[in-house]
Amino acid sequence: MPEIVPARVGRRVGAEVTVSMDGYSGVGPDDDMSWAMEHIASSHSEIYYEGIWRGVSTAILGRTNWEGFTSVWPAITNDQSSSARTRDLGNWLATVEKVVFSTTLEQEDLEKSEWTNARISRDVETEVGALKSRPGRDILVLNSASIIQTLLRADLIDDLYLTVVPSTLGGGRRVLPDDYASKWQLATATAFPSSGAVALHYQRP
């Protein structure tokens, strides 16, 4: 008789991250992503990513991505030459509930940004566990490797969205911990011919 695995309860937690072929999500202290911009800026990427964030009501990110995103996204969102999908994403980022994990930022630092509805938290596992038990749509970690690693170890990620860009970096920040063993099921695979990237959506079995 097959083993019956209990269904996961509560909101689903997804992690979205762009990685190089050798498994790195960024290089340098500021997690430089210039190597992935051809894919990230493509219209096909916009369409794919919209299919993820439209179902999310809480976004999670770390200090580096908070500072990087808030320094560029308001101008992109307000630029009338930006595509409609890009502006929609920018407006969503600006207004969706955001939890920023940092040991150095304070709440008043977040309030200096044009983005609203953001708050500081320190304990990733406790906070995400509490978020899962609240009503709402899905929770999404935005490209923050250290947070993804913590949640993987705590078995709190249900959906892993890995976009593999055909570049090798030779070093940088890895997404998957070196000592982490797990098993996933492939839900969807999407190829992007214009950039050569492949998006892989994995789910817990």
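**Reading the pockets, a helix pair and a ring pair**

Guide: Helix H3 supplies the largest share of the lining of the largest pocket, 7 residues. Helices (H or I, at least four residues) and strands (E, at least two) are DSSP runs, numbered from the N terminus. The model is predicted, so local features need pLDDT of at least 70 and side-chain atom pairs pLDDT 80 or more, while totals for chains, interfaces and linings use all residues. Residues are numbered from 1 along each chain as its sequence is written, and side-chain values use heavy atoms, with hydrogens and water left out.

Visitor: How is a pocket defined, and what volume has the largest pocket?

Guide: On a 1 Å grid over the protein atoms alone, a pocket is an open set of points with protein on both sides within 12 Å along at least five of seven lines, whereas a cavity is a set where a 1.4 Å probe fits but cannot get out; lining residues have an atom within 4 Å of a point. The largest pocket has a volume of about 960 Å³, a volume being the space filled by probe spheres set on the points, which are joined across faces, edges and corners. Its lining has 32 residues, with Met-33, Met-37, Ile-40, Phe-69 and Trp-73 nearest the centre.

Visitor: Which residues lie closest to the centre of the second largest pocket?

Guide: The second largest pocket, of about 330 Å³, has Gly-62, Arg-63, Phe-101, Ser-146 and Ile-147 closest to its centre, among 19 lining residues. Helix H7 contributes the most to this lining, 4 residues.

Visitor: How should two packed helices be read?

Guide: They are described by the angle between their axes and the distance between the axes. Here the axes of H6 (residues 124-133) and H7 (residues 145-153) come within 10 Å and cross at roughly 70°. Therefore H6 is roughly perpendicular to H7. In H6, Val-124, Glu-125 and Val-128 meet Ile-147, Thr-150 and Leu-151 of H7.

Visitor: And how is a pair of aromatic rings described?

Guide: The distance of the centres and the angle of the planes describe it. Rings of Phe, Tyr and Trp (its six-membered ring) pair if their centres lie within 6.5 Å; planes under 30 degrees apart count as stacked, over 60 as edge-to-face and the rest as tilted. This rule gives 3 aromatic pairs. One of them joins Tyr-48 and Phe-192 edge-to-face, 5.7 Å centre to centre with 85° between the planes. Tyr-48 belongs to helix H2 and Phe-192 to strand E9 (residues 185-192), 144 residues apart.

Conventions. Axes fitted to C-alpha atoms, helices over the stretch in contact; angles between N-to-C directions. Parallel < 35°, antiparallel > 145°, perpendicular 65-115°, else oblique. Contact = heavy atoms within 4.5 Å.
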